[in-house]
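Colleague: Could you take one part of this model and examine it closely for me? I should like its surroundings and its backbone described together.

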Amino acid sequence: MSNGLIAVAIALCGFLVTMIGYSTVSPPWRLTISATPDLPFDHFSLVAPLYERVIRPPDAHWLRELCAFEPGHRLLDVGGGTGRVSQHFRGDVASICILDVSVGMLREALSKGGFCAGSGAAEWLPFRDGAFERIIAIDSFHHFRNHRRAAGELLRVLAPGGRLVIEEPDIRRFRVKLVALGETLALMRSHFYPPHALMRFFDVPGVQLTLRESSPNFWLVVEKPPEHHTPTVPGYPKKPGTVLLG
Ligand SMILES: C[S@@+](CC[C@H](N)C(=O)[O-])C[C@H]1O[C@@H](n2cnc3c(N)ncnc32)[C@H](O)[C@@H]1O
């Protein structure tokens, strides 16, 4: 079967699973499985036990090169899910924290050990300014609800001199367009940006951006200069009552 047919089959299955989920759960349960108020259905908790059997392992060697880890680094994996990616870096850094809205995905991560894991959204990171020398967001940015706000939060919790690596599927590729269609049919409300549109979210004075591409993905490396103070995100004050960790 071609890539295209596989993607369409996945899309249809996703749509059916979502519809079955909606039709079989009672309203209170539907509410409690939502990690954020505007998330209608937590698709990832549903697939969490099977996730790593279906999604291929990451190219840890390539990501390690992009991240340039040092032993003392604190690593934050935003939208890190089951720890599919950051589990490979447990020996590279001092600590790893996985943050994700999906409790089912986090449960899988915690079962592996070696991580701290927290339930939360990229748009409201529960960490103090500059708490992490390295941050990764692998295949998760397009799932965030408010991309501008999430970008501001990623920059805020990145330490001066720190590095953020974002991996995204390149929506200019045909097979990624099919995946995007599948996610739309599955009511996932994801939004994919082409590389230069993603870069605009991080276009802050002093912040250095490097783009690497290898179809069907691209990587944006965001480097905060050592003397950099935390850029403010206009219009988004800290959420009252947010607990700051790290
Ligand atoms: C495609 S999975 C990728 C998981 C992991 N990074 C990997 O590569 O295996 C996307 C993840 O982003 C999480 N996610 C979606 N929206 C989020 C948000 N607003 N904040 C944090 N995580 C989010 C999902 O729950 C899911 O675990």
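Modeller: The account below concerns helix 7, its packing and the loop before it. This is a predicted model, in which local features need pLDDT (the predictor's confidence in each residue, from 0 to 100) of at least 70 and side-chain atom pairs count only at 80 or more, while totals for chains, interfaces and linings use all residues. Residues are numbered from 1 along each chain as its sequence is written. The protein averages a pLDDT of 83, and 76% of the residues score at least 70.

Helix 7 covers residues 147–157 and is largely enclosed by the rest of the structure, because 8 of its 11 residues are buried. A buried residue has 20 or more other C-beta atoms within 10 Å of its own, an exposed one 12 or fewer, and a partly exposed one a number in between, with C-beta atoms placed from the backbone. Helices are DSSP runs of H or I with at least four residues, strands are E runs of at least two, and both are numbered from the N terminus. Ala-150, Ala-151 and Gly-152 belong to the buried set, as do the charged Glu-153 and Arg-156; Leu-154, Leu-155 and Val-157 complete it. These buried residues pack against strand 1 (74–78), strand 4 (132–138) and strand 5 (158–169), where a contact requires C-beta atoms, placed from the backbone, within 7 Å.

The loop between strand 4 and helix 7 contains Asp-139. This residue has a positive phi of about 60 degrees although it is not a glycine. Asp-139 is partly exposed, with 17 other C-beta atoms within 10 Å.

Conventions
Contact = placed C-beta atoms within 7 Å.
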